[in-house]
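Biologist: I would like a close look at a single part of this chain. Please walk me through it in one go.

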Amino acid sequence: MKRCERSRTTRSVVSGRQVLIAQALLVGGLALALLMKELPSVVRELRIVRMTGGLRANRRYP
């Protein structure tokens, strides 16, 4: 019996796993960029929380 073989076209074949990996890398890169952009403001907020007494100071600062 002769096997039916598909002829490859000039297009490169991309598997589903490669697409998922590319999407994960893209989303991870965007999340890292957002974290790096927001890092100074997060540090500033943490300093403010520490100066006001942290989570224990709920009654002093409404």
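Modeller: What follows centres on Leu39 and the helix that holds it.

First, a caution: this is a predicted model. The protein chain has one helix and zero strands. Leu39 sits in that element, helix 1, which covers residues 16-51. Helix 1 counts 36 residues. From first C-alpha to last, helix 1 reaches 50 Å, close to the 52 Å expected at 1.5 Å a residue.

Now the bend. Helix 1 turns by about 45 degrees at Leu39. A proline, Pro40, follows within four residues.

Next, the side chain. Leu39 counts as partly exposed, because its relative accessibility is 39%, and partly exposed lies between the 20% and 50% cut-offs. Leu39 also belongs to a nonpolar surface patch of about 640 Å². Its partners there are Leu32, Leu35, Met36, Val42, Val43 and Leu46. One general point helps with such spacings. An α-helix has 3.6 residues a turn, so residues three or four places apart point the same way.

Then the wider setting. Buried residues make up 2% of the 62 residues in the protein chain. The accessible surface of the chain comes to about 7000 Å². Carbon and sulfur atoms account for 61% of that surface.

Last, the end of the element. Just after helix 1, Gly53 takes a positive phi of about 105 degrees.

To recap Leu39: the bend in helix 1 falls at this residue, and Leu39 helps make the nonpolar patch.

Technical notes:
Residues numbered from 1 in each chain as written. Predicted model: local features only at pLDDT ≥ 70, side-chain atom pairs only at ≥ 80, totals over all residues. Heavy atoms only, no water. Patch = residues over 30% accessible without salt bridge, like charges linked within 9 Å, V, L, I, M, F, W, Y side chains within 5 Å. Areas by Shrake-Rupley, 256 points an atom, 1.4 Å probe, with all protein chains shown as cover. Salt bridge = Lys/Arg side-chain N within 4 Å of Asp/Glu carboxyl O. Helix = DSSP H or I, 4+ residues; strand = E, 2+ residues; numbered from the N terminus. Buried < 20%, exposed > 50% of the residue type's maximum accessible area, 1.4 Å probe, protein only. Expected span 1.5 Å × (residues − 1). Bend = angle between axes of the 7 residues up to and from the residue.
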